[in-house]
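Q: Please take a close look at one part of this protein for me. Start with the charged contacts, then work outward to the spaces and the surface.

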Amino acid sequence: MSEPRTDSDELARFGYEQSFERRTGKFASFAVAFAFVSIATGIFTTYGSVLNSSGPLGIWTWPIAVVGQLAVALVIGSLASRIPVTGYAYQWTSRLANPVLGWIIGWISFMFLAVVVVAVDYTVASTVLPVLLDYEANGFVTWAVTAVILLGQAALIGSSTRWTEKVNNAAVSAELVGMVLLTVLLLVVAAIRNNMDFSNLWSRGAVAAEGYWSFGEATSAGPWMLGFLLGAFTIVGFESAANLAEETNDPERVVPRAMWQAVLASGVLGFLFLVAVTLAAGDPVALAASGTPIADVIKNTLGPVVATLLLLLVVLAIFACGLVIMMTGTRLTWAMSRDERFPGWRQWKRVSPRFGTPLRATVFYVVLAEVILGLFSAFSEDALFTLFGAATLLPAVIYAATVTLYLTKRRALPEGGKFDLGGWEKPVLAVSVVWLVFELSLFRDASFRDAWLYVLVMVVIGAAYLVTVLATRGRRALDMPDMHSIDAAFAQKEQV
């Protein structure tokens with residue numbers, strides 16, 4: 001009787017040796033996915049935009065977005081279970097489709113992670129800390145605070161994965177408990193004070209009734225449709241758990257579960273909190289004019305002390321969100337460099353013998369993030385908001401490519417996955433496809449023009465590098481064995 005395969009044996013199927021210690025457990029994997037989603041960050045950041053674009057009625061787009069993203073998470077979970085390798089979408093596409101397409105998806109994923117970490121950290125520096133610490137958030141101060149936050153996250157990630165996970169686990173635990181308590185307190189106190197206004201749940205606020213439910217025009221989305229951006233911006237990043245696959249115990253089982261549980265928990269808790277805030281919002285038209293509507297509702301309902309605690313919770317959640325984003329980005333950089341497919345790969349593929357982390361990839365990543373922050377800050381504040389648009393657009397593109405890959409190549413997936421959709425595969429795929437087609441249609445809105453331009457510029461830069469690689473090193477520089485040859489070689493090795 002043969003001994004069961006270890007996680008290192010499974011990794012060897014894909015041609016790699018174990019490079020990291022496997023310390024990530026079930027809760028830590030869930031915490032990574034949940035922290036990236038970060039409902040405290042997403043709702044605090046975008047609730048005001050929804051009030052202005054769709055009115056309070058826009059919160060009812062949230063459950064639909066959650067169902068769509070949950071279907072996407074289940075599809076991606078099936079891929080992660082069968083190809084549990086660091087590099088997630090880059091690895092899946094390279095092995096199931098072709099290495100060129102895999103490199104393109106990997107580069108787009110890298111672009112997303114480099115942009116979104118700046119966007120997230122800029123949020124806490126520009127909107128939360130000034131209110132909490134009572135200082136004026138001018139351009140220089142906001143830039144400096146964001147830069148310091150980025151450096152702090154990089155220092156933690158580069159020096160210790162164990163302590164990075166401990167900090168993230170604590171932040172996620174606080175966010176879960178804090179959001180539940182805030183939701184309950186809002187509902188109870190507002191009910192006792194008779195401050196609940198159920199008509200808010202069906203109010204359009206100051207948004208005109210004419211054309212409210214329309215799909216919009218060729219270059220714009222209808223008012224209610226724009227409300228979907230609340231969920232589209234927030235319920236993303238759950239796949240980050242898959243990028244720690246080589247550091248996770250039993251990743252074929254743990255990672256898919258972490259992803260769908262993070263989406264479900266975020267979706268249910270986030271919607272209950274949205275309902276509670278909207279019921280206690282008072283005049284939604286007046287609230288829409290505030291730069292911090294969530295904090296205003298908490299302060300008016302629960303008092304300034306609880307409002308301050310909310311801001312502390314949001315700071316913690318945003319820091320953890322940025323921390324996980326940066327950790328995910330460094331792992332993707334390292335994974336592509338290991339395959340000699342990233343600019344400067346000789347440096348970034350190394351794992352620090354002292355810290356057991358991809359230290360050089362972390363240094364590269366934070367330097368790049370600081371450059372992006374500096375370049376956008378140098379132009380104008382409006383330029384920085386292009387980052388937010390790109391941070392919403394890019395994951396939709398990545399998810400669409402990944403689901404298309406699964407739809408066309410699922411028969412080529414390797415055997416032995418511990419997470420399977422079974423009879424639910426077709427309906428789950430149908431829901432995910434419909435949702436992603438609809439979501440991508442929202443980005444035709446003119447407000448995303450600069451975000452599309454950013455994506456185009458970055459794709460051109462990546463394409464130029466790819467052409468250079470092919471010209472100097474030849475087509476074999478992008479060779480990667482397909483799943484059948486890997487399984488055959490591994491089976492032969494086991495027989496020997």
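A: Asp250 counts as partly exposed, at 21% relative accessibility (buried is under 20% relative accessible area, exposed over 50%, partly exposed in between, with a 1.4 Å probe and protein chains only). This is a predicted model: local features need pLDDT of at least 70, side-chain atom pairs need 80 or more, and totals for chains, interfaces and linings use all residues. Residues are numbered from 1 along each chain as its sequence is written, and side-chain values use heavy atoms, without hydrogens or water.

Asp250 has a partner. Lys418 makes a salt bridge with Asp250, their closest N and O atoms 2.8 Å apart (a side-chain nitrogen of Lys or Arg within 4 Å of a carboxyl oxygen of Asp or Glu). Lys418 sits in the loop between H17 and helix H18 (425–442), and Asp250 in the loop between H10 and H11, so the bridge ties together parts 168 residues apart in sequence. Helices are DSSP runs (H or I, at least four residues), numbered from the N terminus. Lys418 is partly exposed, at 40% relative accessibility. A network of salt bridges links Asp250, Arg253 and Lys418.

The structure holds nine salt bridges. One of them joins the side chains of Glu247 and Arg331, at 3.0 Å from N to O. Glu247 lies in the loop between H10 and helix H11 (251–279), Arg331 in helix H14, and 84 residues separate them. Glu247 and Arg331 are both buried.

Another bridge pairs Glu425 with Arg410, the closest N and O atoms being 3.3 Å apart. Glu425 belongs to helix H18 and Arg410 to the loop between H17 and H18, so this pair ties parts that are 15 residues apart in sequence. Glu425 and Arg410 are both buried too.

H17 (residues 381–409) also holds Ile398. Ile398 is buried, at 6% relative accessibility. Its C-alpha lies 7.3 Å from that of Ile108, although 290 residues separate the two in sequence.

Now the enclosed space. There are four cavities of 30 Å³ or more (on a 1 Å grid over the protein atoms alone, sets of points where a 1.4 Å probe fits but cannot get out; lining residues have an atom within 4 Å of a point). The largest has a volume of about 100 Å³. Its lining has 14 residues, and Phe36, Val120, Phe233, Val236 and Cys321 lie nearest the centre. Helix H2 (26–37), helix H3 (39–53), H6, helix H10 (228–234) and helix H14 (304–338) each give two or more lining residues. H6 gives the most, with three. No charged residue lines this cavity; ten are nonpolar and four polar.

The second largest pocket has about 340 Å³ of space. A pocket is an open set with protein on both sides within 12 Å along at least five of seven lines. Among its 15 lining residues, Ile372, Leu375, Tyr454, Met458 and Ile461 lie nearest the centre. Helix H6 (99–133), helix H16 (359–379) and helix H19 (449–473) each supply at least two. H16 leads, with six residues. The lining has 15 nonpolar residues, with no polar and no charged ones.

Helix H19 also holds Val457. Val457 is partly exposed, with a relative accessible area of 42%.

Conventions. Points joined across faces, edges and corners; volume = space filled by probe spheres on them. Nonpolar A, V, L, I, M, F, W, Y, C, P; charged D, E, K, R; others polar.
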